[in-house]
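Take a walk through this structure in two stops. We begin with the ligand and then turn to a small group of strands.

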Amino acid sequence: MSGIEQQAAGDEMDAGQRLSQDWWRTSIIDMRPGEIRYRGYPIEQLIGRVSFAQMIWLMLRGELPGQGQGELLDAALMAAVDHGPQAPSIAIARMAATCGVGLNNAMASAVNVLGDVHGGAGEQAVALYEDVAARMETGLALPEAVGAALAHYREHHGKFVSGFGHRFHPVDPRAPRLLALVDDAARKGIVSGRYATIARAIEAALGEGRSKPIPMNIDGATAVIYAELGFPAPLARGLFCLSRSVGILAHAWEQTGQGGRNKGPIPRQFLWTYDGEPQRDVPQAPPK
Ligand SMILES: CC(C)(COP(=O)(O)OP(=O)(O)OC[C@H]1O[C@@H](n2cnc3c(N)ncnc32)[C@H](O)[C@@H]1OP(=O)(O)O)[C@@H](O)C(=O)NCCC(=O)NCCS
């Protein structure tokens with residue numbers, strides 16, 4: 001091979017190597033044999049010093065949270081882990097576990113239903129709170145900003161406002177406690193507290209003129225924390241999935257231990273409501 005040919009082959013290899021290296025680009029993790037660094041921090045320094053919640057923050061945001069920020073995130077993640085087999089995600093985890101699938105399949109099935117109406121509602125809630133905040137920045141007072149944002153929300157999403165309402169709890173006991181933590185953090189200057197104020201104003205506006213309030217639910221309350229901490233709206237859904245995965249795993253594991261087989265959503269003595277055609281005979285000839 002001539003010198004020129006060797007040079008050309010070398011250039012081609014460099015280009016190929018670069019193409020392959022740049023195929024995945026990430027600022028999250030760097031690795032070589034014997035070394036693992038997350039966001040630049042060696043794993044051996046993180047282990048034992050950084051909690052799981054702080055690690056979630058580091059992975060998503062690139063920097064370690066302050067103590068108070070990490071504690072608030074931890075509280076939000078902790079508060080939403082489980083809501084019993086009445087919650088579709090938990091029931092699905094348990095049903096899946098009786099179908100002969102592994103824990104990963106049971107967990108994936110359950111996480112899959114954390115959508116706009118169950119568990120994933122925090123995403124729209126954060127977006128709504130941010131919309132109110134943006135309207136206030138243009139000079140609107142809180143009640144007017146809430147009114148305008150709610151009208152806009154309903155136009156695009158219908159009458160059910162994400163993060164509010166509960167089928168089971170007249171007041172969701174998790175919400176006031178989480179908001180009290182936000183108030184405390186606001187007093188200490190860790191967060192601004194403005195999303196807590198906004199969420200409370202939305203709750204009040206939804207309850208106006210009704211005999212029963214439409215209470216802030218766990219998605220709405222954790223959304224306050226995620227907004228206060230500066231997480232973009234779609235991450236509220238992702239974080240809820242992380243949190244609920246704990247309960248999902250616990251229920252799938254417990255059900256695996258109980259050993260039920262092929263368990264449906266209701267006991268077999270009970271049947272669904274059939275509202276179709278009454279019994280009839282198949283016609284002798286196919287209809288023309
Ligand atoms: C969670 C949810 C499905 C529970 O609904 P529910 O208890 O079955 O509520 P109902 O459909 O019986 O509604 C009762 C009344 O409250 C109203 N309401 C309930 N949730 C509401 C909400 N989020 N926004 C506005 N109105 C709501 C209904 O319009 C209904 O009013 P009406 O009596 O004047 O018709 C519902 O509140 C909802 O979809 N919330 C938004 C999604 C969400 O946050 N999901 C997370 C749940 S933890």
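The ligand sits in the largest pocket. Keep in mind that this is a predicted model. Which residues come nearest to the ligand? Of the 15 residues around the ligand, they are Val117, Val161, Gly163, Phe164 and Asn217. By class, the shell is mixed: 6 of its residues are nonpolar, 5 are polar and 4 are charged.

Now look at the polar atoms. Valine 161 uses its backbone: one of its polar backbone atoms is 2.8 Å from a nitrogen atom of the ligand. Glycine 163 also offers a backbone N or O atom, which lies 2.7 Å from an oxygen atom of the ligand. Arginine 210 takes part through its side chain. A polar atom of that side chain lies 3.0 Å from an oxygen atom of the ligand. How much of the ligand does the protein cover? On its own, the ligand has 860 Å² of accessible area, and the protein covers 67% of it.

Leave the pocket and move to the strands. Strands of a sheet pair through backbone hydrogen bonds, either parallel or antiparallel. Here, an open sheet of 3 strands has the order 1-2-3, and its pairing is antiparallel. Strand 1 and strand 3 are the edge strands, since each pairs on one side only.

Start with strand 1, residues 29-32. Strand 1 runs antiparallel to strand 2, residues 35-38, and 4 bridges join the two. Isoleucine 29 stands opposite tyrosine 38 in strand 2. Methionine 31 has isoleucine 36 as its bridge partner in strand 2. What links the two strands? They form a hairpin with 2 residues between them. In that turn, glycine 34 has a positive phi of about 85°.

Strand 2 then pairs with strand 3, residues 41-42. Again the strands run antiparallel, and 2 bridges join them. Tyrosine 38 appears once more: its bridge partner in strand 3 is tyrosine 41. Arginine 37 has proline 42 as its bridge partner in strand 3. Strand 2 and strand 3 form a hairpin too, with 2 residues between the strands. There, arginine 39 takes a positive phi near 50°.

One general point helps when viewing the strands. In a regular strand the side chains alternate between the two faces of the sheet.

Terms used:
Residues are numbered from 1 along each chain as its sequence is written. This is a predicted model: local features need pLDDT of at least 70, side-chain atom pairs count only at pLDDT 80 or more; totals for chains, interfaces and linings use all residues. Side-chain values use heavy atoms; hydrogens and water are left out. A residue is near a molecule or strand if one of its heavy atoms lies within 4 Å of it. A polar contact is a pair of N or O atoms within 3.5 Å; within protein, one must be able to donate a hydrogen and the other to accept it, and residues adjacent in sequence count only if both atoms are side-chain atoms. Accessible areas come from the Shrake-Rupley method with a 1.4 Å probe; for residues, only the protein chains shown count as cover. On a 1 Å grid over the protein atoms alone, a cavity is a set of points where a 1.4 Å probe fits but cannot get out, and a pocket is an open set with protein on both sides within 12 Å along at least five of seven lines; lining residues have an atom within 4 Å of a point. A molecule sits in a cavity or pocket if more than half of its atoms lie within 2 Å of its grid points. Ala, Val, Leu, Ile, Met, Phe, Trp, Tyr, Cys and Pro count as nonpolar, Asp, Glu, Lys and Arg as charged, and the others, Gly among them, as polar. Two strands pair if DSSP finds at least two bridges between them. Helices (H or I, at least four residues) and strands (E, at least two) are DSSP runs, numbered from the N terminus.
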